[in-house]
Amino acid sequence: MLSLGSGILIDKGLEKFGLRESDVRIAEGTYGKPYFPDYPDIHFNVSHSEKMVIAVFADVEVGCDIEYIGTIDLKLAERFFCKPEYEFIMGRQEQERKEAFYRIWTIKESFMKAVGSGLMLPMNEFNIKIGRHIQVEQRYNNDEYGIEDWREGEYHAALCWNRGKKVMACE
């Protein structure tokens with residue numbers, strides 16, 4: 001069912017470019033990220049969890065993630081997240097910890113997908129700062145990333161896109 005949903009979303013996304021899924025080849029990058037080799041200016045990503053599928057299309061590298069909000073094992077956060085992220089989760093009231101965990105998890109996965117590394121980039125090698133704006137502190141490359149996240153019923157989702165090279169200020 002989720003494969004069918006992914007195919008429908010890919011077809012709908014390609015419609016905006018005057019294409020159909022049946023007209024394009026889908027290949028996988030080094031770490032498994034899908035792309036359209038004949039259309040290098042069309043970037044996309046798909047994610048699914050339980051009964052929900054999301055897809056995103058853009059003219060820049062992009063990643064998305066969706067997760068069903070289930071039980072959490074805080075030992076996972078302690079082991080795989082950066083210390084400030086773990087402290088962010090543990091600094092919440094007990095009922096808010098689950099939401100904080102899934103926010104960070106989906107944002108981290110969407111970032112890893114946007115850079116095309118998948119799980120080859122260890123989750124504790126970059127930090128997600130959640131404040132007025134969400135930021136990624138990373139050394140993977142010199143690019144800046146935009147991030148949006150939201151809750152949809154029993155799911156949490158995140159979207160990450162490449163904004164381009166960081167502008168370094170001269171002092």
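Which residue is the bridge partner of Ser47 in strand 4? Let's work through that and four more exercises together.

This is a predicted model, in which local features need pLDDT of at least 70, side-chain atom pairs count only at pLDDT 80 or more, and totals for chains, interfaces and linings use all residues. Residues are numbered from 1 along each chain as its sequence is written, and side-chain values use heavy atoms, leaving out hydrogens and water.

**Exercise 1. Find the partner of Ser47 and describe the hairpin around it.**

Step 1. Strands are DSSP runs of E with at least two residues, helices are runs of H or I with at least four, and both are numbered from the N terminus. Strand 3 covers residues 43-49 and strand 4 covers residues 52-58.

Step 2. Two strands pair if DSSP finds at least two bridges between them. Here 7 bridges join the antiparallel strands 3 and 4, and Ser47 has Ile54 as its partner.

Step 3. The hairpin has 2 residues between its strands, and Glu50 takes a positive phi near 50 degrees.

**Exercise 2. Check the length of helix 4 against its expected span.**

Step 1. The expected span is 1.5 Å times one less than the number of residues.

Step 2. Helix 4 (residues 94-114) has 21 residues, so it should span 30 Å. Its end C-alpha atoms are 31 Å apart, which agrees.

Step 3. Look just past the helix: Gly116 has a positive phi of about 85 degrees.

**Exercise 3. Work out how helix 3 and helix 4 are arranged, and what their contact is made of.**

Step 1. Axes are lines fitted to C-alpha atoms, for helices over the stretch in contact, and angles run from 0 to 180 degrees between N-to-C directions. The axes of helix 3 (residues 83-90) and helix 4 come within 8 Å and cross at roughly 150 degrees.

Step 2. Angles over 145 degrees count as roughly antiparallel, under 35 as roughly parallel, 65 to 115 as roughly perpendicular and the rest as oblique. The two helices are therefore roughly antiparallel.

Step 3. Contact means heavy atoms within 4.5 Å. Helix 3 contributes Glu85, Phe88, Ile89 and Met90, while helix 4 contributes Arg97, Ala100, Phe101, Ile104 and Lys108.

**Exercise 4. Is Lys108 buried or exposed, and what does it touch?**

Step 1. Buried means under 20% relative accessible area, exposed over 50%, and partly exposed in between (1.4 Å probe, protein chains only). With a relative accessible area of 0%, Lys108 is buried.

Step 2. Setting aside neighbours within four places in sequence, Lys108 is in contact with Phe81, Glu85, Met123, Phe126 and Ile128.

Step 3. Follow Phe126 onward: this residue stands opposite Gln138 in strand 7. Strand 6 (residues 126-130) and strand 7 run antiparallel, joined by 5 bridges, and form a hairpin with 3 residues between them.

Step 4. In strand 7 (residues 134-138), Ile134, Val136 and Gln138 point to one face and are buried, while Gln135 and Glu137 point to the other and are not.

**Exercise 5. Place Trp161 in its sheet.**

Step 1. Trp161 is found in strand 9 (residues 155-165). The open sheet has 3 strands in the order 5-9-8, with antiparallel pairing.

Step 2. Strand 5 (62-68) and strand 8 (143-152) are the edge strands, each pairing on one side only. Strands 5 and 9 share 7 bridges, and Glu67 is partnered by His156.

Step 3. Trp161 is partly exposed, with a relative accessible area of 23%. Beyond its neighbours within four places in sequence, its contacts include Val62, Tyr145 and Ile147.
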